[in-house]
Amino acid sequence: MRAIEREDAMSSNPLVLKLQHGAHIIEEGDRPDDVHLVLDGFACRYKMMPNGSRQIMALLVPGDFCDLHVAILGEMDHGIATLSPCTMVEIPRATILDMTDHHPRIARALWWASLVDEGVLREWIVNLGQRDAEHRMAHLFCELLVRLRAVGRADEAGYELPMTQAELGDVLAISNVHVNRTLQTLREAGLIAFKGQRLTIPDVERLKAYAEFTPNYLHLAEREDD
Amino acid sequence: MARYYFDVHDGGTHQRDDTGTEFEDLEAVRKAAMRLLPEVARQDLASDGDRHTFMVLVTNEDGRPVYSATLSYAGLWLLR
């Protein structure tokens with residue numbers, strides 16, 4: 001984020017929230033007045049089905065806005081919950097509108113963030129629709145490595161992944177038991193290793209090749225002609 | 001909550017579950033097996049052949065079998 005945006009956000013005294021794992025920040029149908037930005041931990045966008053199952057449509061990591069929609073759209077069409085202990089900052093909707101009205105560069109940065117969210121969503125649709133469980137999971141692990149490295153929360157070969165197997169299942173649309181089997185398969189193939197909550201990727205290029213992962217949809221580099 | 005192990009047999013191959021998964025009750029175990037077998041079949045069926053039997057054997061923490069289920073695929077050429 002750019003310095004000017006940080007200053008503006010600071011000047012309006014944003015509220016910092018410390019949240020437990022499993023906290024519901026916003027539920028479907030809410031009309032919140034604040035926009036949440038993740039400073040630490042993992043959160044997700046989700047929808048609950050009438051039968052009690054849950055689909056997670058996005059993972060939100062430090063630096064991600066949870067609900068930029070709130071500033072412009074009315075009612076939330078999905079919920080936001082934490083997947084680990086989380087620190088978030090609450091920015092009043094009015095502050096976001098004021099910043100975007102007066103700072104075109106910030107408006108463009110927020111627009112960019114929304115476009116990248118869409119890019120990730122497109123890739124997730126492909127992932128869920130076209131890849132089997134093992135490649136799907138491998139792809140997610142590659143994506144998280146790149147995203148977490150971009151915000152300094154991963155080193156070259158791994159990161160803390162605080163999610164439970166059930167939560168991974170809700171992301172990947174596979175059952176808890178199948179998550180377990182899939183993790184075992186990837187582990188036995190030497191593609192990943194777990195030590196507690198830390199995921200280690202012994203050979204990143206090998207995992208990327210296996211998952212057919214290309215980071216282009218994350219749009220981490222700006223356009224060069226701007 | 002108790003831990004259950006889901007070993008999957010797919011024709012010649014056998015995948016042992018070393019870590020297990022926790023469930024509230026036996027009904028949840030049955031539901032999990034029901035959801036698991038189609039997932040395994042979807043993944044492994046494409047490999048080859050016209051006959052496949054997918055079987056899951058669920059054991060509890062004492063290693064005692066508590067539930068088993070089988071899903072079969074039988075393909076037959078009628079014109080070739």
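The following paragraphs describe the interface between chains A and B, the nonpolar cores that include residues of chain A, and the overall form of chain B in a predicted model.

In the predicted model, the interface brings 17 residues of chain A into contact with 17 residues of chain B. Between them the two chains bury about 1,400 Å², of which 38% lies on carbon and sulfur atoms. Of the area that chain A buries against chain B, 41% is supplied by V177(A), R181(A) and Q184(A), a share that exceeds that of any other three residues. No salt bridges are counted between chain A and chain B, whereas 13 residue pairs across the two chains are in polar contact, with both residues of each pair at pLDDT 80 or more. On the side of chain A that touches chain B, two or more residues are given by each of α5 (133–150) and α7 (176–188) of chain A, and the largest share, nine residues, comes from α7(A). By residue class, this side of chain A divides into four nonpolar, seven polar and six charged residues.

Turning to the interior, the largest nonpolar core comprises 42 residues, among which L59(A), F141(A), L144(A) and Y159(A) touch the most other members. At least two residues of this core are supplied by each of β4 (43–48), β5 (54–60), α4 (104–130), α5, α6 (165–172), α7 and α8 (204–211) of chain A, with α5(A) giving the most, at 10 residues. The helices α5 and α7 of chain A are thus named both among the contributors to this core and among the elements on the side of chain A that touches chain B. When neighbours within four places in sequence are left aside, the contacts of Y159(A) include L140(A), F141(A), L144(A), L145(A) and L148(A), together with R153(A) and A154(A), and further along the chain Q197(A), R198(A), L199(A) and I201(A). A second core, separate from the largest one, has 25 residues and includes V38(A), F65(A), V70(A) and C86(A). In soluble globular proteins, nonpolar side chains tend to be buried together.

Chain B contains one helix and five strands, and these elements follow the order β-β-β-α-β-β from the N terminus on. The C-alpha trace of chain B spans about 55 × 20 × 20 Å along its principal axes, and 35% of the 80 residues of this chain count as buried. Among the contacts in chain B that link residues at least 6 apart in sequence, 41% join residues at least 24 apart.

Conventions: Residues are numbered from 1 along each chain as its sequence is written. Chains are lettered from A and ligands numbered from 1 in the order in which they are written. This is a predicted model: local features need pLDDT of at least 70, side-chain atom pairs count only at pLDDT 80 or more; totals for chains, interfaces and linings use all residues. Side-chain values use heavy atoms; hydrogens and water are left out. Contact means heavy atoms within 4.5 Å. Buried area is the accessible area (1.4 Å probe) that two parts lose on being put together, summed over both. A salt bridge is a side-chain nitrogen of Lys or Arg within 4 Å of a carboxyl oxygen of Asp or Glu. A polar contact is a pair of N or O atoms within 3.5 Å; within protein, one must be able to donate a hydrogen and the other to accept it, and residues adjacent in sequence count only if both atoms are side-chain atoms. Helices (H or I, at least four residues) and strands (E, at least two) are DSSP runs, numbered from the N terminus. Ala, Val, Leu, Ile, Met, Phe, Trp, Tyr, Cys and Pro count as nonpolar, Asp, Glu, Lys and Arg as charged, and the others, Gly among them, as polar. A nonpolar core is a set of buried Ala, Val, Leu, Ile, Met, Phe, Trp, Tyr and Cys residues joined through side-chain atoms within 4.5 Å. Buried means under 20% relative accessible area, exposed over 50%, partly exposed in between (1.4 Å probe, protein chains only).
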